[in-house]
Amino acid sequence: MISRLRILITITAALMSVVTAVAQDYDPEPRSYVDTDVQFIDSIPLMRYAPKWTRSYLNSFLRGNIDRTREKRFDLSFGISPSYTREASFGIGALCTGLYRVNRNDTLDNPSDVFICLNASLNGFFVLTLKGNNLLPDNRSRISYKFEMYRKRLDFWGINSEETGRNQKSRYDRRQVDLQLEYVYRMSHNWFIGAHLRSDYTDARNMLDPAYLLGERPQYYVTGLGASVELDSRDNLVTPTRGVHVSYTAMFFPKFLGNAPSFFNSHRVIVNAYKKVWRGGILAYDFYAKINSANAPWTMREMVASDGIRMRGYYMGSAIDNSQIASQIELRQNIWKRIGVVGWIGGATVFSSLSDLSKKNIRPEWLPNGGLGLRFEFKHRVNARIDFGMGRHTCGFVFAVGEAF
């Protein structure tokens, strides 16, 4: 535990120093900005000998959390940071996060956002992530997207909760390309409907124990279409501070749109709520339920800790099955200017079918979770986060941009 705390302190210090050194804005239409930040940096005697780009960067960094999307076409920041996760070990990540407006004269309170991250680690882990929310000027529509491509060398215990509970640890290479698109339209006030597309290719290679797949293939390609209904009163999509978000999404994966052995479907329910409890303090709640049909291929099943949002600190795939229910509550506290801390508790369970929840002899095991995190706002209402999560016989770090939920 002492060694893990030393790692936490080291990574925290490194992240803060790197973020301070690389969050430089890029403006395709250079402009002159006169403000007190520029005068402050230029007034420091030591900075007189620094290169011009260094002084320019420091000035932009000091204003990095200000919304400048009505001045700029794209308000971008770049960063390089060390990273550490249970699955990937130590590595390095390069990221770009940006805010923009489709129409800089729109009346929207919040700008659109985009995030790109490239991460590589010492054990051969590689991941490229592109995600964002494109808010249209009509103030009724948005397009959300996420593209992820990665290679991970993962520990492996099986493809359902019964197997993962009794099998010895094995190993395999997971190659995955996943694309998710969502169009959401406001029907009235806080009610929305949406259309969804998901396309996923997953290939398990170099599997030490192929018998763990229980006869399923190591590779599947699937495409699904779906629809959703939402109640959403959040004040911000990336870092909410108030409001609720309740959504139901149904996805259908026809056999002819992939190589899965048969048609399958999934149903997802998400409930989020946010409330200010005192000055600088936000209480956030998250409930998640995903039910896949029994014939869903193992690559599309629910894995604990697969998204960096829930069950932080658990190893990806240490528990896997058709369906998952998870819940967590988090207290977020701003402590000084752009720096904040969080603490959370929660838990989750995976299971084959809803009927398992009522059968005492096979009732799924509930896994506990909790932890602490550090936040730094290096872009307007966009936080960089380091979370240290703990659970049953496990603990680990998560580094990401944007709040967990």
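**Exercise 1.** Is leucine 214 buried, exposed or partly exposed, and in which loop is leucine 214 found?

*Solution.* Step 1: the relative accessible area of leucine 214 is 45%, so this residue is partly exposed. The scale calls a residue buried under 20% relative accessible area, exposed over 50% and partly exposed in between (1.4 Å probe, protein chains only). Step 2: leucine 214 is in the loop between β8 (191–205) and β9 (219–232). Strands (E, at least two residues) and helices (H or I, at least four) are DSSP runs, numbered from the N terminus. Step 3: the phi of leucine 214 is near 55°, a positive value in a residue other than glycine. Most residues other than glycine have a negative phi.

The model is predicted: local features need pLDDT of at least 70, side-chain atom pairs count only at pLDDT 80 or more, and totals for chains, interfaces and linings use all residues. Residues are numbered from 1 along each chain as its sequence is written, and side-chain values use heavy atoms, with hydrogens and water left out.

**Exercise 2.** State how many aromatic pairs a search of the whole structure finds, and explain why phenylalanine 253 and phenylalanine 264 count as stacked or not.

*Solution.* Step 1: the search gives 10 aromatic pairs. Rings of Phe, Tyr and Trp (its six-membered ring) pair if their centres lie within 6.5 Å; planes under 30 degrees apart are stacked, over 60 edge-to-face, and the rest tilted. Step 2: the ring centres of phenylalanine 253 and phenylalanine 264 are 4.5 Å apart and the planes are at 5°, so this pair is stacked. Step 3: phenylalanine 253 belongs to strand β10 (residues 243–253) and phenylalanine 264 to strand β11 (residues 264–278), so the pair ties together parts 11 residues apart in sequence. Step 4: phenylalanine 253 is buried at 4% relative accessibility, and phenylalanine 264 is buried at 1%.

**Exercise 3.** Describe the pair of phenylalanine 388 and phenylalanine 397.

*Solution.* Step 1: the distance is 4.9 Å centre to centre, with 50° between the planes, and the pair is tilted. Step 2: both phenylalanine 388 and phenylalanine 397 are buried.

**Exercise 4.** Where is threonine 394, and which residues does threonine 394 contact, leaving aside neighbours within four places in sequence?

*Solution.* Step 1: threonine 394 is in strand β19 (residues 394–401). Step 2: with 15% relative accessibility, threonine 394 counts as buried. Step 3: the contacts (heavy atoms within 4.5 Å) of threonine 394, those neighbours aside, are Arg86, Gly313, Tyr314 and Tyr315.
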